[in-house]
Amino acid sequence: QEEGKQYSIRCRRKPAADGQYSEKETEEILLDVNKLAEGKKYMSIGDFQISDDGKRLAYTVDSTGFRQYELFVKDLESGDVMAGVAQRVTSLEWAADNETLFYATEDTVTKRSNMVWRHNLSDEAELAYYEKDRLFNVNVSRGKDLKHLFIFSASTDTYETRYLPSDAVNEEFKVILPREKGHKYSVDHRDGQLFILTNKQAKNFRLVTTPLASPQEKNWQEVIAHRPDVLLEG
């Protein structure tokens, strides 16, 4: 953030071998939001995701104030920007190939986030998932170990998650646990095991693990038990 400027400047810098930086080392500006805002009455950055190889930046911009985000992709080597990749984007993630983006978009009338797209940037986007149930919104994310992409469908009291290996971009998403009225759960992955935060028989949630290949409840192993006086949030 620079004095007198309204918006942030997003940068990166390669780590020094000894952890110390000299004054000669300069940061690389990834996105100067002040420049994006020139001539506009409003500017907001939504998602901000760098590809695994560090060469591309995908980001979303709302210049209307209505939380309608447009997707841009910047080549961080040339500085070229691909504009208008998609409209009304609500979440996005890179696949492991550094070429494919998965992103969710919202309905133009209801503003319900209901579609997830698979978009190799050298080709046209194709629909990867459509949420038919009007009570549910969708969000696309990526696990902490970067091995899987997740589509999270949520209503007020019921959740459902689908997964796809992040290096298998052309395969179909698979349901982990089918939606069940009143069951709220979220997942992450490590070393072939799913970590599931669930409210099943646990009003304040509990944490279980299960093999990715067989996530059914009969295979759950409890890691953190339910506690009536403590809400487990993540």
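Strands (E, at least two residues) are DSSP runs, numbered from the N terminus. The model is predicted: local features need pLDDT of at least 70, side-chain atom pairs count only at pLDDT 80 or more, and totals for chains, interfaces and linings use all residues. Residues are numbered from 1 along each chain as its sequence is written.

**Exercise 1.** Determine which strands supply at least two residues each of the lining of the largest pocket, and characterise that lining.

*Solution.*
1. A pocket is found on a 1 Å grid over the protein atoms alone, as an open set of points where a 1.4 Å probe fits, with protein on both sides within 12 Å along at least five of seven lines; lining residues have an atom within 4 Å of a point.
2. The residues that line the largest pocket include Ser186, Val187 and Asp188, and also Phe195, Ile196 and Leu197.
3. The strands sought are E15 (185-190) and E16 (193-198).
4. By class, the lining holds seven nonpolar, two polar and two charged residues.
5. The space in this pocket is about 200 Å³.

**Exercise 2.** Establish the strand order and the edges of the open sheet that contains E8 and E9.

*Solution.*
1. Two strands pair if DSSP finds at least two bridges between them.
2. E8 (residues 100-106) and E9 (residues 113-120) are joined by seven bridges in the antiparallel sense.
3. Within this pair, Thr100 stands opposite Asn120.
4. The order of the four strands is E7-E8-E9-E10, with antiparallel pairing.
5. E7 (89-94) and E10 (126-130) are the edges, each pairing on one side only.

Definitions and conventions: Heavy atoms only, no water. Points joined across faces, edges and corners; volume = space filled by probe spheres on them. Nonpolar A, V, L, I, M, F, W, Y, C, P; charged D, E, K, R; others polar.
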